[in-house]
Amino acid sequence: MVANVVGRSACAGLLALVLASLSPAQAQQPTANAIALAKEIIVVKGGNVIYESVIPDIVNRARLTFLGANPLLGKDLGEVAAKLQAEFAPRTAEAINDGARLYASKFTEQELKDVLAFYKSPLGRKVISQEPVILDQSTASIDEWAIKIGNEIVVKFRAEMRRRGHEI
């Protein structure tokens with residue numbers, strides 16, 4: 001649940017930053033410094049949690065697939081899963097670097113510095129902590145609204161179809 005909330009928060013934050021960028025993006029490959037700044041932004045926002053859960057999730061899905069095929073191998077599959085998680089954990093850095101490269105390709109170094117300064121500020125820390133709450137509440141609100149609108153639409157459909165001589 002927490003990883004899901006943090007994941008949605010980080011994704012929404014990344015999307016908001018990209019959409020909010022009105023200045024021209026860097027046309028060339030991002031510099032090493034820009035990538036380092038972008039990586040720091042990802043970590044400050046807690047986005048690294050998204051990346052860090054990928055390998056354990058993949059390993060666990062594979063373990064469950066093999067376990068479903070042969071339930072008697074549970075102990076061995078568990079041991080192999082632990083070994084593979086440890087072996088592949090360092091590869092998480094690849095995904096974080098790719099994410100940082102994407103960030104750095106959309107913003108200038110100065111913009112990245114400004115974004116990082118914001119997220120390190122008290123207001124930025126508050127945004128980071130409140131985004132998951134806001135996203136959860138927004139999702140619940142949208143779900144309620146969609147059900148309400150859906151019910152109204154069904155009623156209107158039935159009324160219109162009844163007017164046309166069809167009972168649905």
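Begin by selecting Arg 164 and Glu 160 in this predicted model, where the two side chains meet in a salt bridge with an N to O distance of 3.0 Å. Colouring by accessibility shows Arg 164 as exposed, at 55% relative accessibility, while Glu 160 counts as partly exposed at 29%. Add Arg 163 to the selection, and the three residues Glu 160, Arg 163 and Arg 164 appear linked in a network of salt bridges.

Next, go to helix 4, residues 74-88, and pick Lys 75 and Glu 79, which lie four residues apart, about one turn of the helix. Their closest N and O atoms are 2.8 Å apart, and the pair forms a salt bridge. Lys 75 counts as exposed because its relative accessibility is 63%, over the 50% cut-off, whereas Glu 79, with a relative accessible area of 43%, is partly exposed.

Now select Lys 45 and Glu 131, a salt bridge whose closest N and O atoms are 3.2 Å apart. This pair links distant parts of the chain, with Lys 45 in helix 2 and Glu 131 in helix 7 (residues 122-163), 86 residues apart; both Lys 45 and Glu 131 are buried. A search of the whole structure finds seven salt bridges.

From Lys 45, stay on helix 2 and display the largest nonpolar core, which has 18 residues, with Ala 38, Ile 41 and Tyr 103 among those making the most contacts inside it. Helix 2 (32-45), helix 5 (92-106) and helix 6 (109-120) each give two or more residues to this core, and the largest share, seven residues, comes from helix 2.

Finish at Ala 34, also found in helix 2, which counts as buried at 0% relative accessibility. Draw a distance from its C-alpha atom to that of Ala 104: the two are separated by 5.4 Å, although the residues are 70 apart along the chain.

Definitions and conventions:
Residues numbered from 1 in each chain as written. Predicted model: local features only at pLDDT ≥ 70, side-chain atom pairs only at ≥ 80, totals over all residues. Heavy atoms only, no water. Core = buried A, V, L, I, M, F, W, Y, C linked by side-chain atoms within 4.5 Å. Buried < 20%, exposed > 50% of the residue type's maximum accessible area, 1.4 Å probe, protein only. Salt bridge = Lys/Arg side-chain N within 4 Å of Asp/Glu carboxyl O.
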